[in-house]
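Reader: Before we go through the terms one by one, could you put the model in view, so that each label can be set against its cut-off?

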Amino acid sequence: RLLTLAASGPHPGPRNGHGFAAVGKRIFLFGGELSESSTFGSLFALNVSDLTWTMITRDDVGGAWATKIASKSNMVSDGVARIYLLNGVPFSDNVYVLDTLAEPVAWAEVSA
């Protein structure tokens, strides 16, 4: 049985093709698209302890590249502090890492 939970804070709007990854007591949502011409480069976090959403804006976490690869990205967590972002549309072989404990939170490209 599915339950609908009431969460507070600025939450993500409708989208598809987004990525999810859990780190500790937070679930992160990145990117997605509303249509082929409308992609999101934003990052949100849901604290599962108190059901509070936080928006980490696109300007804070990567700039133009984030919007370009935001659709159909794959996210993987190390379960402790880092999220890795792979691929996206348009296709690329770039990998980005997000240290969720850093202040401010910021994406960094992983060097080959």
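Reader: Why is A45 called buried or exposed, whichever applies?

Author: The relative accessible area of A45 is 3%, and buried means under 20%, exposed over 50% and partly exposed in between, with a 1.4 Å probe and protein chains only, so A45 is buried. A45 is found in strand β5, where helices (H or I, at least four residues) and strands (E, at least two) are DSSP runs numbered from the N terminus.

Reader: On what kind of model, and under what conventions, do such values rest?

Author: This is a predicted model, in which local features need pLDDT of at least 70, side-chain atom pairs count only at pLDDT 80 or more, and totals for chains, interfaces and linings use all residues. Residues are numbered from 1 along each chain as its sequence is written, and side-chain values use heavy atoms, with hydrogens and water left out.

Reader: How do you know what confidence the predictor gives to the protein chain?

Author: The pLDDT is the predictor's confidence in each residue, from 0 to 100; the protein chain averages 81, and 80% of the residues score at least 70. Among the elements, β5 has the highest mean pLDDT (93), whereas helix α1 (residues 64-68) has the lowest (58). Where pLDDT is low, the predicted coordinates should not be read in detail.

Reader: Which elements make up the chain, and in what order do they run?

Author: The secondary structure comes to one helix and 10 strands, and from the N terminus on the elements run β-β-β-β-β-β-α-β-β-β-β. Of the 112 residues of the protein chain, 33% count as buried.

Reader: What is A45 in contact with, once its neighbours in sequence are left aside?

Author: Contact means heavy atoms within 4.5 Å, and, leaving aside neighbours within four places in sequence, A45 is in contact with R26, I27, F28, T52, W53 and T54. The C-alpha atoms of A45 and F20, which are 25 residues apart along the chain, are separated by 9.5 Å.

Reader: Why does F20 count as it does, at 45% relative accessibility?

Author: The value of 45% lies between the two cut-offs for buried and exposed, and therefore F20 counts as partly exposed. F20 has its place in strand β1 and touches I27, F28, L29 and M75, not counting residues up to four places away in sequence. F20 and I83 are 63 residues apart in sequence, and their C-alpha atoms are 9.6 Å apart in space.

Reader: What makes a set of residues a nonpolar core, and which members of the largest one touch the most others?

Author: A nonpolar core is a set of buried Ala, Val, Leu, Ile, Met, Phe, Trp, Tyr and Cys residues joined through side-chain atoms within 4.5 Å. Of the 14 residues in the largest one, F28, L43, M75, I83 and W107 touch the most other members. At least two residues of this core are supplied by each of β1 (19-23), β2 (26-30), β5 (43-47), β8 and β9 (95-99). The contacts of F28, leaving aside neighbours within four places in sequence, include L43, M75 and I83.

Reader: Why do Y96 and E33 count as buried?

Author: Y96 has 7% relative accessibility and E33 has a relative accessible area of 11%; both values are under 20%, and so both residues are buried. Y96 has its place in strand β9, and its C-alpha atom is 5.1 Å from that of L85, 11 residues apart in sequence. E33 is in strand β3 (residues 33-35), and the C-alpha atoms of E33 and N16, 17 residues apart along the chain, are separated by 5.4 Å.

Reader: What makes the backbone at L51 and at P104 worth a remark?

Author: Phi of L51 is near 55 degrees, a positive value in a residue other than glycine, and the peptide bond from E103 to P104 is cis, with omega near 0 degrees. Most residues other than glycine have a negative phi, and most peptide bonds are trans. L51 lies in the loop between β5 and β6 (52-56), while P104 lies in the loop between β9 and β10 (107-109). L51 is called partly exposed because its relative accessible area is 22%.
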